[in-house]
Amino acid sequence: MPRYLPYLLLLPATVFLIIFFLYPFTQVAIESVTSNGEWSLANFQKATSHWKFGEAFKNTMLLAALVVPIQLVMSLTMATVVQKLQKGRSAILYIFAIPLGISDLAAGLIWLSIFEQSGFLNSMLVGLGLIEQPILYLSYQSPWIILFAIVLAEVWRATAIMMVIIVAGLGLIPREYGEAAEVFGATRWQRFYKVTLPMLRPSLQTALILRVILAFEVFAVVIALGGTQMPVLMSETFNWQFNLQDRGVAAAYAMVILAVSVLFTLIILRALHVPKEART
Amino acid sequence: MTSFKTFLGAVSGLALTFGAVSAQAEVLFWSTQAQPVEETQKMRDEVVAGFEPGVDYQAPETGPWLTRAQAELSAGSGAVGILGGLHGDLTAVRGGLSDLGDIDISAIPADLAAFGKLETDQQKYIPWMQATFLMVANKKALDYLPEGADLNALSYDQLIEWSRAMAEGEGSPKFGFPAGPKGLKHRFFQGFLLPSYSGSTVTEFRSAEAEEAWGKFRDLWQYTNPASTNYNFMQEQLVNDEVWLTFDHIARISEAFNSRPDDFVAFPVPSGPKGRGFMTVVAGMGVPETAPDKDEAKALIEYMLKPETQIATLRATNFYPVVAVDLPEDVPASVKASGPAIEAMTSAEDALPVLLPMGMGDLNGQFNQVYVDTFEQIVLAGRDIRPTLEQQAEALRALMNQAEAPCWLPDAPSQGACPVN
């Protein structure tokens, strides 16, 4: 094998990343700290001084804080169930993973068709005689219902991606550890908590980083269900770029999302640190 | 094998030739208007189809529209032949529009044609079509019309009273307002509510009269369907009976008349202490400096101004002609309904015409956002009117200074940027 072959094989992906990721990224980064051709933080000042910034930041964090833990618990449960199955394991896995194949906007629209005033939920409740008139759920008067609907849609849509990673991670844990613990009289819960979870760290790390970053970028589901009533960082980025036509401020928003993502990635890496000796 | 190769070669050669021919001949009409799919299709099949060299009519959203227009202009070459858009859209690219002074526009009223100069001494765009906003009521709503109120001379107080009576009589609010993400709420504040009370869109933004106007709107909001923050095109809620009384752009209420011609009435917008403020919307066509074939683009503009094309455009988009035409008998029900209402509104004694924002360039979106932010804070978030106006007036003043935009009607002409008192 020629020595340069690995580099040659890496080349297409590298070129792709440079052209479609690194180059635009650098441009956005530069754009965020320049205004009228001079270095300045005016874009950040303009972004943060707008009355919606605080709300968008709060909503994004709140959504991530609600969605990710629910998804973590659910995906761990789902993965463990799948793992234990003797029959029909892949069938269940596929069924769990179906929402993954649906685009986030489509997922948002599906849940919108449920929660709308003329949606499925209302027609069902009216049909059952539980309510007389369709109720307006997704209204500016009830932001908590909008938030709830978004959390529901996000959990439905994106739990499977964590589950898939965790299923793969569970498959990598040698059975002997669990069996050894059983011999020493560990209960099921103890085996899960003391053996499986620590051994799962690398997979959990990946799953959490991926999921948390995606949570900070939440956009289409929020737009579909909340319109402009539930601003998040990403929707404000879009708004500044396309409706308010201020690319500098949009770039500043993008940098804020990046900063938050990097910060949380570091926190997760640190919290779920896998010692070098323990890596397989 | 060889014959197969020859065949392939011939086919690709043919394809190349055809590709080249069509690329040369078709004019790309890049437009922010007629965005709903049905309207885009009508524009293609019934309006531009008659232009011999062929037209590729594309109606992207405003953001992507501007991005491509600016990209082509800064690249110095492009495929777009005609840029179609609202006055404000075209203002954002005025630096790249070529002079259309050699197109005969004597059929267009001079004051309308003057918009197309975009504050330069060249004819940057040619007016294409125009529209305004009206009130619409389901005939069932007329039972609740306050005593003594004249539909053609309604006041804001009567509108509030009417909406209140309906909300109480029907058990739920029947007034609807296009406050959704794509609704034209900002136009209502800029062109109707604020001018009617303060006689101004910009200068008197934080005046006591403006404060009163927002207070009135807050009163009206109590009797407004709370789902209004999801309403974009009011025709949908009119047709499904969710709303009985509303305000919107005539192109956004036309479906109601066309699908149920006997059930609705159109009438002029209400008036306030300073008059009956109403805004006229002008769309135009410009030719970018980078157009592949400017002569053909100009020929297409001339084609678009023919009376029969203008009538076809009216049928497709519900925007009115900019040249004098004789409307045929079989115009859509929406045109029959809006025509007299527009006439009554524009010729009313207290008529107060308001122009679309001018000279804001690419700050147009942020200008609109000031009014939307004010609405969201005062009406949706329930904040106090005075401090909100003070804070938004700062933002407005900064924008006006940045754009260096002089005042437009109904504000008094200014030297330099339009002041915010």
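Residues 7-25 of chain A are 100% helix and 0% strand, with end C-alpha atoms 24 Å apart. Helices here are DSSP runs of H or I with at least four residues, strands are runs of E with at least two, and both are numbered from the N terminus. This is a predicted model, in which local features need pLDDT of at least 70 and side-chain atom pairs count only at pLDDT 80 or more, while totals for chains, interfaces and linings use all residues. Residues are numbered from 1 along each chain as its sequence is written, and chains are lettered from A and ligands numbered from 1 in the order in which they are written.

**Chain A annotations**

An unreviewed UniProt entry lists residues 7-25, 61-79, 91-114, 144-173, 208-230 and 250-272 of chain A as "transmembrane region". For residues 57-268 of chain A, UniProt (unreviewed entry) gives "domain: ABC transmembrane type-1". UniProt positions follow the numbering used here, feature names are shortened, and annotations may be inferred rather than shown by experiment. Three spans of chain A are set out below.

| Span of chain A | Helix | Strand | End C-alpha separation |
|---|---|---|---|
| Residues 7-25 | 100% | 0% | 24 Å |
| Residues 91-114 | 75% | 0% | 27 Å |
| Residues 57-268 | 78% | 0% | 20 Å |

**Contact between the chains**

Chain A gives 14 residues to the contact, and chain B gives 15 residues. Residues are in contact if their C-beta atoms, placed from the backbone, lie within 7 Å. The chain A side holds 5 nonpolar, 8 polar and 1 charged residues. Nonpolar means Ala, Val, Leu, Ile, Met, Phe, Trp, Tyr, Cys and Pro; charged means Asp, Glu, Lys and Arg; the others, Gly among them, are polar.

**Domains of chain B**

Chain B is assigned domain 1 (2-130 + 281-331) and domain 2 (132-280 + 342-403). These bounds come from an automatic or database domain assignment. Taken over C-alpha atoms, the centres of domain 1 and domain 2 of chain B are 31 Å apart. In their contact, 12 residues of domain 1 of chain B meet 14 residues of domain 2 of chain B. On the domain 1 side, α4 (87-91) and β8 (276-286) of chain B each supply at least two residues. The largest share, 3 residues, comes from α4(B). By class, that side of domain 1 of chain B has 5 nonpolar, 6 polar and 1 charged.

**Strand β6 of chain B**

In β6 (residues 245-249) of chain B, 5 of 5 residues are buried. Buried means 20 or more other C-beta atoms within 10 Å of the residue's own, with C-beta atoms placed from the backbone; exposed means 12 or fewer, and partly exposed lies in between. Strands pair if DSSP finds at least two bridges between them. Strand β4 (residues 126-138) of chain B pairs with β6(B) in the antiparallel sense over 5 bridges. There, B:Val136 has B:Thr246 as its bridge partner. Strand β5 (residues 175-176) of chain B pairs with β6(B) in the parallel sense over 2 bridges. B:Phe175 stands opposite B:Leu245.

Methods. Two residues are in contact if their C-beta atoms, placed from the backbone, lie within 7 Å.
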